[in-house]
Amino acid sequence: MDSLDPLVLSRVQFGVTIGFHILFPSLTIGLAGWLAILEVRWLRTSDALVERLLRLWTKVFAVAFGMGVVSGIVLSYEFGTNWSAFSQRAGNVLGPLLSYEVLTAFFLEASFLGIMLFGWSRVPRAMHCFATSAVAIGTVISAFWILAANSWMQTPSGYRVQDGVFMPVDWFAIVFNPSFPYRFAHMVTAAYLTAGFVVAGVGAWHVLRQRCIAEGRAMLAAALPLIAILAPLQILIGDQHGLEVRDHQPAKLAAIEAHWKSGGPMKLVLSAWPDMAAAQNRAELAVPSLGSLILTHSWDGPVAGLDAFPRADWPNVPVVFWSFRIMVGIGFAMLFLGAAGAILWWRGRLFDSRWYLRLMALATPAGFIAVLAGWVTAEVGRQPWLIQGLMRTSEGVSPVPGGSVAFSLALFVTVYGVIFGAGVYYVVRLLRDGPAVPIRSVGE
Amino acid sequence: MDHALPVICAAIMAVSIIMYVVMDGFDLGIGILFRFAPDDRARDTMMAAVAPVWDGNETWLVLGGTVLFAAFPTAYSVLLPALYLPLVVMLVALIFRGVAFEFRARATTGRRWWDRAFFAGSTTATVAQGIVLGAFIQGVDTDDAAFAGGSFDWLAPFALFCGIALAAGYALLGATWMVMKTEGTLQAWSRRRAVGSLAAVMVAVAVVSLWTPLAHPAIAQRWFAWPNILWLSPVPMVTALAAAGLLRALRRGDEGTPFVLAVALFLLSYLGLAISLFPAIVPPEITIWAAASAPSSQRFLLWGIGIALPVIFAYTAYSYRVFRGKASADDAYH
C-alpha cells in the first residue's frame, strides 16, 4: 500500500495553506476600513494623536497585508497543482470568479498599497486618503468574489452539467447563490470584529501598562462602539446563516448539532462527545426543545438528523460539532465584552476597570480563533463533498504522487512556521514601542 | 465568434504573462543582484527602487494563473500538476522575497537574514520560472486531456538551461531598471552588471534559438520552411539590433534607454516563443481550442477584462508616475 495518500496530503495542505492565509485578510479587511476612517479624521482635524495612530497601524497593516498577499498567491495555483480534476470540471464556473477577484480587487489593493505605504510625502493628503480608502474597498471586493466562489461550492446554482463538466447558465445565479449573501455578511462582519478586538486589545494593553495612555484610550474608544454594535449583529447574521444551512446543507447542520435522529422536538446539545460509530452522543449535556426553537422557531419543529443521509455522506461530526461551539462561544464572549464595555464607558469607568482591560487584552486574538473555527465548520461540514451534492472531494485530486505532495506540505509547514513567527514578533514589537516613538511627519 | 474567443483569451493570457515577466522581472532581477551589492546603503536604494511597485507587479502572475483557469481550464489542470515541484518551489521562494520587503524594514539584528532571504527568494523563484518555461516548451505528456507524466518529467538539461537563462534575463532587466533609478557610483555599478547580464542573455537566446528547432522538428518547420523564413527572419535580426543598441546605450551613459531596450529584447524573445508554439497551450498536443472553457465563461471573463484592464493600466501608470525619479536609500522604509 502507498502510505503517502495524495488525497489526504492534498487536503491537509489545502487546509494548512488556506487556514494560514485566512488569518491575514481577517485582520486587514477591518483594519483597512478603520485606517480609512482615521485618515478622513486626520484630513479634517490634522490631529497629532490621530496621525500617530494612523502611522503606527499602517505599519502593522503593511506586515499583515504582505503576508496575506504571498500566502494568497499559493492558493490561486493550488487549485491546479493539487485539485486539477476539480479545476477541469469546475473551471468554467470558478475560473471567471477568481479572475474577477484579481481584476477588481488585487490590482486595486496592490497599486494603492504602494502609495499608502510610501506615498506620504509624494502625494497630497487627500490623495493619500483616497489610496487608503481604495485599499479598504479592495479588500471587501476581494472577499466578495472569493466568497462567491466558496459559496458556489457549498450551494451550487446557475449551472448545468455536460459530460461531467459544470457549464455556466446564469452568472447572476452563480454569484448570488443561496448561501453567498449570508456567508459574505458573516465573513466581512467577522473580519471587522477581528480587527476591532486587535485594536481594542492593544489599546487595553497600553492603558494597563501605563504607557502611551492617550493612544491606548483612543484605540479602545475607536474599537468599542464597533464591537458593541457588530457582536450582536453577527449573532443575528449567524442565526440567519444557520437557517440557510438547514435548508441547503441539512447534513452539515445535523453534524453541527450532533443531531442523529430526524424529527422533533429537537434538543440543543450544549456539550457532548459525538460517537459516529454508535451514531449517538456520549456525556451529553442538552436543553430540551431549544434546538427546534432556534432552527424552526417553534417548540417542537422537526429537523432532519444524520439518519436521513447515507453514512458515506456524513461529515466528521466531532470536528464540526466542536469547531462550531468554539466559534459560537467566542461570539457570545464578544457580545458580553461589547456590552460590558459600553456600560462601563457610559458610567465613565472604562479606563479604570482593570479587570475589563485585562479581559480585553486577553481577547486580542479572539477574532482569529473564531474565524478559523467557523471556517473549519463550513469546510469540514461540506465534506465528503467538494461541490455539495455533485462532486466528491476524492474525485477532485490531481494525478500527482503522494511523495511530491508530502514534500510540498513539509515545505509549506516549515516556511509558514518561520514566516508566522517572524511576522508576529515584528508586529508585537511595533505595537509595543509603537506610538511612543516619534515619527517623521509629512513633508520632512 | 466562438472560434475567435479562445484566440482573444490566449492574447489576453499572453499579455498577462509578458506584463508579469517584464514588471516582476526587474523586481526579481534586483533581488538577484542584491547579493552582489557593494554596501548596505546600496541595498537600501535597491529596495527603495521597487518597494512601492513590486506588489502590483506580482499581481500579473495571479492574473495569468486565474485567466488560465477561467479561459483554459484543461491547460490549467494539465500544466499545474505536470509542473508541481518547480511551481511549489517558486511559490515558496516568492513568499520569502515578498515578506523580505516588510520584515527587512522591521528587523534590527536579523536584517542580514532577510537580505539573504530576498536574494535567495528572488533567485530561486526566477530559476523555477525558467524551468517552468523550459518544461512547457519541452512539452507535457497527456492522456485524454489529463496529465499522464511523472513528477520529474520537467527535469531535463533544456529546462535547467532555461532556468539559468531567465536569471540572466531578469538580472538584465533589474540592472537596467537600476541604471534608470539610481545615480553616481551605484549607477555605474548597475551599468557594469547590465553589460555582464546582456552578454549572458545573448548567449542564452542564441542557445535556446538553436536548441528548440533542433529538438522539435515542428518548430524547425515553422521557422525555416518557405515562405515562413521570409516573414520570420526579421525577428532574430531585430533582436540582434536591439542587443547592439542596448550595449551602445549602456556605454554612452543613457539612463532610460537601456531598460526600454531590455524590455524590447524580452518582447522579441517572447514573440519568437509564441511563433514556435502557437496554437498549442499544452505543447505539443493540446491547442487553445481544445483547452478552451465554455464560450459563456470566456465571454463573461472578457467583459470583466474589457472593463477592468484599462482602469488597471490607468492607476498602475499613476502609481509609477508618483514614484518616478531617482530612488533614495531613505525611502526604503515607510
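A nonpolar core is taken here as a set of buried Ala, Val, Leu, Ile, Met, Phe, Trp, Tyr and Cys residues joined through C-beta atoms within 7 Å. In this predicted model, the largest such core has 260 residues, and those with the most contacts inside it are A:Leu35, A:Ala200, A:Ile227, B:Ala75 and B:Leu91. Helix α3 of chain A, residues 84-118, gives the most to this core, with 20 residues. B:Leu91 is a good place to begin a tour of the core: leaving aside neighbours within four places in sequence, B:Leu91 is in contact with A:Ile73, A:Val74 and A:Tyr77.

These contacts lead directly to the interface. Here 55 residues of chain A are in contact with 54 residues of chain B. On the side of chain A that touches chain B, the elements giving two or more residues are α2 (48-82), α3, β2 (165-168) and α13 (402-433) of chain A. Of these, α3(A) gives the most, with 23 residues. By class, this side of chain A has 35 nonpolar, 19 polar and 1 charged residues. As for confidence in the assembly, the predictor gives the complex an ipTM of 0.93 and a pTM of 0.93.

Turning to chain A as a whole, 13 helices and 6 strands are found. The radius of gyration of chain A is 23 Å, close to the 22 Å that the globule rule gives for 444 residues, so chain A is as compact as a globular protein of that length. Along its principal axes, the C-alpha trace of chain A spans about 65 × 50 × 45 Å. Buried residues make up 54% of the 444 residues in chain A. Among contacts in chain A with a separation of 6 or more, 74% come from residues 24 or more positions apart.

The strands of chain A include a neat example of local pairing. Strand β1 of chain A, residues 159-162, pairs with β2(A) in the antiparallel sense over 4 bridges, and A:Val161 stands opposite A:Phe166 in β2(A). The two strands form a hairpin with 2 residues between them. In the turn, A:Asp163 has a positive phi of about 50°. β2(A) also appears among the elements that give two or more residues to the side of chain A touching chain B.

Some further backbone features deserve a closer look. Most residues other than glycine have a negative phi, and most peptide bonds are trans. Against that background, A:Cys212 has a positive phi of about 50° although it is not a glycine, and A:His297 likewise has a positive phi, of about 55°. A:Cys212 lies in the loop between α6 (180-208) and α7 (213-248) of chain A, while A:His297 is found in the loop between α9 (290-296) and α10 (317-346) of chain A. Their surroundings can be set side by side: A:Cys212 is buried, with 24 other C-beta atoms within 10 Å, whereas A:His297 is exposed, with 10 other C-beta atoms within 10 Å.

Cis peptide bonds occur in both chains. In chain A, one joins A:Gln383 and A:Pro384, with omega about 5°; A:Pro384 has its place in the loop between α12 (366-382) and β5 (385-387) of chain A. In chain B, the peptide bond from B:Trp226 to B:Pro227 is cis, with omega near 5°, and B:Pro227 is found in the loop between α9 (217-224) and α10 (228-232) of chain B.

Chain B averages a pLDDT of 93, and 99% of its residues score at least 70. Among the elements of chain B, α10(B) has the lowest mean pLDDT, 88, and helix α7 of chain B, residues 157-181, the highest, 96.

Within chain B, helix α2 (residues 40-50) is a well-wrapped element: 9 of its 11 residues are buried, so this helix is largely enclosed by the rest of the structure. The buried residues of α2(B) are B:Ala42, B:Arg43, B:Asp44, B:Thr45, B:Met46, B:Met47, B:Ala48, B:Ala49 and B:Val50. Their cover includes α1 (5-34), α3 (54-71), α5 (84-106), α6 (111-138), α7 and α8 (184-215) of chain B.

A last stop in chain B is B:Val263, whose place is in helix α12 (residues 257-277) of that chain. B:Val263 is buried, with 21 other C-beta atoms within 10 Å. The C-alpha atoms of B:Val263 and B:Thr176 are separated by 9.6 Å, and these residues are 87 residues apart along the chain.

Notes:
Residues are numbered from 1 along each chain as its sequence is written. Chains are lettered from A and ligands numbered from 1 in the order in which they are written. This is a predicted model: local features need pLDDT of at least 70, side-chain atom pairs count only at pLDDT 80 or more; totals for chains, interfaces and linings use all residues. A residue is buried if 20 or more other C-beta atoms lie within 10 Å of its own, exposed if 12 or fewer, and partly exposed in between; C-beta atoms are placed from the backbone. Two residues are in contact if their C-beta atoms, placed from the backbone, lie within 7 Å. Ala, Val, Leu, Ile, Met, Phe, Trp, Tyr, Cys and Pro count as nonpolar, Asp, Glu, Lys and Arg as charged, and the others, Gly among them, as polar. Two strands pair if DSSP finds at least two bridges between them. pLDDT is the predictor's confidence in each residue, from 0 to 100. The radius of gyration is taken over C-alpha atoms; the globule rule is 2.2 Å times the number of residues to the power 0.38.
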